[in-house]
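Student: I would like a close look at a single part of this model, and I would be glad if you then set that part against the whole chain. Could you take me through it slowly?

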Amino acid sequence: MKKVLLPEESENLKYYKANLHCHSTISDGAKTPEQLKADYKAHGYSILAITDHEVFIPHNELSDNDFLMLNGYEIEASGTREKTCHLCFVALMPDNCQEVCFSRAHLWGNAKKNVKKVNINKKESLLFRKYTKRGINKLIETGKKYGFFVTYNHPTWSLESYPQYIRYKNADAMEITNYGCVVCGFDDDNGHAYDDMLRNGEKLFCISTDDNHNVFPDSSPDCDSYGGYIMIAAPSLEYGSVTAALKKGLFYSSTGTYKHIGPSFHSITLENDEVHIKTGDVRSISYIPCSRDCQIKNAEDGATINEAVFKIKKKEKYFRIVITDSLGYKAYSNAYFPEEF
């Protein structure tokens with residue numbers, strides 16, 4: 001029996017390029033929402049979530065037939081010794097416009113003057129945040145309760161290691177890469193953290209984002225845009241259609257630069273006890289399970305491959321796929337759980 005895990009593009013299903021972590025002049029970014037839309041559209045994106053710090057201001061008026069603005073914001077809870085936890089809330093529906101988990105104490109930069117535009121849900125506003133297991137999980141719980149797709153952001157930049165992030169429960173996704181951190185010099189491939197959380201029983205997706213602030217121009221090698229993104233498989237570029245695909249995990253993550261488009265998945269299917277992967281031209285395709293039984297298919301020197309088949313052992317709680325192109329850029333599938341098949 002064949003089961004489609006990641007579908008091929010078809011007449012009725014398109015892949016849309018998206019960045020779910022972005023900052024504008026509303027908080028500490030250098031570009032206005034209008035400029036961000038124009039620039040991301042020019043670089044082949046169809047979807048952008050502007051997630052300014054601590055202020056939730058929807059941008060539905062910037063959506064059109066060719067470009068979708070998702071509404072969201074980023075919050076933080078800080079601990080000792082510079083450790084911090086950042087979460088992005090992305091609204092699942094365009095009419096969701098009330099901010100939850102609001103804290104005036106966390107406002108800074110332009111967010112202080114823009115907070116007057118925010119529609120705050122005072123009933124559920126958490127005025128005091130605690131950098132504890134209970135505190136962070138309460139933030140995640142509240143975000144999901146009120147219709148947001150909740151992501152756990154940049155554990156490397158946040159100086160969070162296993163003892164911290166392993167406490168967090170029920171987020172929708174975590175950032176496996178954050179391009180803004182990469183251009184700052186961080187080794188921001190968080191596959192180890194993703195595996196830690198999966199092995200601990202979490203069933204969450206992974207995303208690549210920009211977390212862009214655009215201090216440097218797009219032509220600069222220090223540009224923090226267009227290097228981390230997800231490709232979402234949805235039947236249309238409509239708000240509810242796209243967020244439904246997000247909730248189902250019908251997307252993959254990829255990395256590149258402002259000049260280089262990253263590697264791509266074409267499909268992932270399950271046939272009996274084998275996983276079949278089709279990709280664009282890549283240097284390697286890796287199968288990463290819960291155990292040590294990893295598998296890899298490598299291209300010959302100077303050549304590329306675009307498909308692989310791996311046998312799934314019955315004991316595996318999950319597996320995920322990582323592909324690497326000839327320049328070393330990676331794309332990541334979400335984790336899949338054989339027990340659900």
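Tutor: Let us begin with cysteine 22, whose sulfur lies 9.9 Å from the closest cysteine sulfur, that of cysteine 88, and this is too far for a bond, since a disulfide is a pair of cysteine sulfur atoms within 2.5 Å. Seen from the other side, cysteine 88 is likewise in no disulfide, the sulfur of cysteine 22 being the nearest cysteine sulfur to it at 9.9 Å. By this rule the count of disulfides comes to 0. Cysteine 22 has a relative accessibility of 0% and therefore counts as buried, where buried means under 20% relative accessible area, exposed over 50%, and partly exposed in between, with a 1.4 Å probe and protein chains only. Cysteine 88 is also buried, with a relative accessible area of 0%.

Before going further, please keep in mind that this is a predicted model, in which local features need pLDDT of at least 70 and side-chain atom pairs count only at pLDDT 80 or more, while totals for chains, interfaces and linings use all residues. Residues are numbered from 1 along each chain as its sequence is written, and side-chain values use heavy atoms, with hydrogens and water left out.

Now we can set the two cysteines in the whole chain, where buried residues make up 58% of the 341 residues. The chain holds 7 helices and 19 strands, which are DSSP runs numbered from the N terminus (H or I and at least four residues for helices, E and at least two for strands). For 341 residues a compact globule would have a radius of gyration near 20 Å, and the 19 Å of the chain agrees with this; the radius is taken over C-alpha atoms, and the globule rule is 2.2 Å times the number of residues to the power 0.38. The C-alpha trace spans about 55 × 40 × 40 Å along its principal axes. Of the contacts with a separation of 6 or more, 66% are between residues 24 or more positions apart, contact meaning heavy atoms within 4.5 Å.

Two helices supply further buried residues. Glutamine 164, placed in helix 4 (residues 162-165), counts as buried because its relative accessibility is 13%, and, leaving aside its neighbours within four places in sequence, it is in contact with Lys83, Tyr131 and Leu159. In helix 7 (residues 239-248), the buried residues include Tyr239, Val242 and Leu246, and just after helix 7, glycine 249 takes a positive phi of about 80°.
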